[in-house]
Amino acid sequence: MLIAVAVLAAAVVSAVAWWLRRNGASSGDPVSGEGSGAPGSGPKRGWELLLTSEAEAAFMEGLRAYHEAGGALRVGAEQGVLTTYEPPRLISLHLLADAFAARGDAALHDPQGTVETLLERLAAAERSGVLHLRPGWLEGEVDGMDAVRFAAAVGEAVRPGGWTAEARVGALQVVVPDDEAGDEPGEDARKAPADGPGSGDNPLTHVNGTPIKQLPAKDAATEGTGEGGGAAAGAGVIRESGAVQRGRAGEANTLMLDLARVLDLYREARARRPDAGAQTLLGEVVPRLIAAGGPGVTWTRPPRPGELRTVLGSSPELR
């Protein structure tokens, strides 16, 4: 009898501990986010809307288990960005959550294995929503700036006060509000701001070197629902195939930059203009990189016109 009671008590304790982990109740865990940015706090973000409540709990449990098994992760819930460190990557949570939802019951039964499989497959190559980073990207200084100062200078060149950086891995994230929240959800996602890059005969067609696939308006409310998933109509989605949806009106987007490739362009510009100031060069190099949409830059979901306008403005050299 005593043995049976002990076994039952142990089972109850284990079940409670598992439930707490599923719901992010353990403190100090780096994959649970920080402060108000933790998953489950406040209104749901676009990537969370891709998951049912049960799938979201399994998704976070899978990330936690993967992290505790040695695959160091950081979840930026508010930014919608997952950071991996070995190797260093930035991955859109929109992309990852959508793929997790598409696995249906299999993901619920094996969240850790599903997360591991998806990270291996989705992050194997750069695509929209996945950015590869370069270890040891800046050793020493460039123009008197170490890695931390250079990252700050780039952030201020993009959006003063609206950026965060992990200088150690060469990652910069810029939270970008949309100044055209009233755009209709079905409007062409490739449209660019007037008088800016992508206007006229030069539309924005690539993000991180990957072509943007336009979704017809009639598909906008259904494309995000994967097999077994619980996506809400209108939520932002980046499908594994590269097809995309726009985010909900008014929801901020996150621009991700590889500081190593910014540094490469900066050094090229410095060689051509040895007397120019650092912020002057960054003010020219960084907007061109973002406008080109080539390798070294991506977004958690493809940018809306207002979001591009926020980071690019109306610089004459980009017209």
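**Exercise 1: Aromatic contacts**

Find which residues form one aromatic cluster, then work through the pair made by phenylalanine 150 and tyrosine 266 in this predicted model.

*Solution.*
- Step 1. The cluster is made of Trp47, Phe59 and Phe100.
- Step 2. Searching the whole structure turns up four aromatic pairs. Among them is phenylalanine 150 with tyrosine 266: the ring centres sit 5.6 Å apart and the planes meet at 75°, so we call this one edge-to-face. The cut-off you need here is that planes over 60 degrees apart count as edge-to-face.
- Step 3. Now place the two rings. Phenylalanine 150 belongs to helix H6 and tyrosine 266 to helix H7, so the pair ties together parts 116 residues apart in sequence.
- Step 4. Check the burial: phenylalanine 150 and tyrosine 266 are both buried.

**Exercise 2: Salt bridges that reach across the sequence**

How many salt bridges are there, and which parts do the pairs of lysine 44, glutamate 126 and arginine 134 tie together?

*Solution.*
- Step 1. Counting a Lys or Arg side-chain nitrogen within 4 Å of an Asp or Glu carboxyl oxygen, you get 10 salt bridges.
- Step 2. Take lysine 44 and glutamate 56, whose closest N and O atoms are 2.6 Å apart. Lysine 44 is in the loop between helix H1 (2-22) and helix H2 (53-68), while glutamate 56 is in helix H2, so this pair ties together parts 12 residues apart in sequence. For accessibility, lysine 44 comes out partly exposed at 35%, whereas glutamate 56 is buried at 8%.
- Step 3. Next up is glutamate 126 with arginine 261, with closest N and O atoms 2.6 Å apart. Glutamate 126 sits in the loop between helix H5 (111-122) and strand S4 (130-132), and arginine 261 in helix H7 (residues 259-272), so the parts tied together are 135 residues apart in sequence. Glutamate 126 is partly exposed, at 25% relative accessible area.
- Step 4. Helix H7 shows up again with aspartate 264, which bridges to arginine 134 at a closest N and O distance of 2.9 Å. Arginine 134 is in the loop between S4 and helix H6 (147-158), so here the parts are 130 residues apart in sequence. Arginine 134 is partly exposed at 34%, and aspartate 264 is partly exposed at 29%.
- Step 5. Don't skip the network: salt bridges link Arg45, Glu48 and Glu78.

**Exercise 3: The four-strand sheet**

Work out the strand order of the open sheet of four strands, then say which strands stand at the edges.

*Solution.*
- Step 1. The order reads S1-S2-S3-S4, with antiparallel pairing.
- Step 2. Strand S1 (73-76) and S4 each have a single partner strand, so both stand at the edges, with one side lacking a neighbour in the sheet.
- Step 3. Ignoring direction, neighbouring strands are turned by 15° against each other on average.
- Step 4. Zoom in on strand S2 (residues 81-85) and strand S3 (residues 88-92): they pair antiparallel over five bridges. Valine 81 stands opposite serine 92 in S3.
- Step 5. Add the helix: H2 packs on the sheet, touching S1 and S2, and its direction makes about 150° with that of S1.

**Exercise 4: Strand S9 and its partners**

Is strand S9 buried or exposed, and which strands does S9 pair with?

*Solution.*
- Step 1. In strand S9 (residues 253-258), six of the six residues are buried, so the rest of the structure largely encloses the strand.
- Step 2. Sort those residues by face: Asn253, Leu255 and Leu257 lie on one side, with Thr254, Met256 and Asp258 on the other, and both faces are covered.
- Step 3. One partner is strand S6 (residues 171-176), paired with S9 in the antiparallel sense over six bridges. Alanine 171 has aspartate 258 as its bridge partner in S9.
- Step 4. Another is strand S10 (residues 297-299), also antiparallel to S9, over three bridges. Here leucine 257 has valine 297 as its bridge partner.

**Exercise 5: Two helices**

Compare the span of H5 with what is expected, then find what covers the buried residues of H9.

*Solution.*
- Step 1. With 12 residues, H5 reaches 16 Å from first C-alpha to last, close to the expected 16 Å. Its buried residues include Pro111, Leu118 and Leu122.
- Step 2. Helix H9 (residues 305-312) is mostly covered, with six of its eight residues buried. Among them are Glu307, Val311 and Leu312.
- Step 3. The cover includes H6, S6, S9, helix H8 (278-292) and S10.
- Step 4. After H9 comes glycine 313, with a positive phi near 60°.

Note on methods: Residues are numbered from 1 along each chain as its sequence is written. This is a predicted model: local features need pLDDT of at least 70, side-chain atom pairs count only at pLDDT 80 or more; totals for chains, interfaces and linings use all residues. Side-chain values use heavy atoms; hydrogens and water are left out. Buried means under 20% relative accessible area, exposed over 50%, partly exposed in between (1.4 Å probe, protein chains only). The expected span of a helix is 1.5 Å times one less than its number of residues. Two strands pair if DSSP finds at least two bridges between them. Axes are lines fitted to C-alpha atoms, for helices over the stretch in contact, and angles run from 0 to 180 degrees between N-to-C directions. Contact means heavy atoms within 4.5 Å. Rings of Phe, Tyr and Trp (its six-membered ring) pair if their centres lie within 6.5 Å; planes under 30 degrees apart count as stacked, over 60 as edge-to-face and the rest as tilted.
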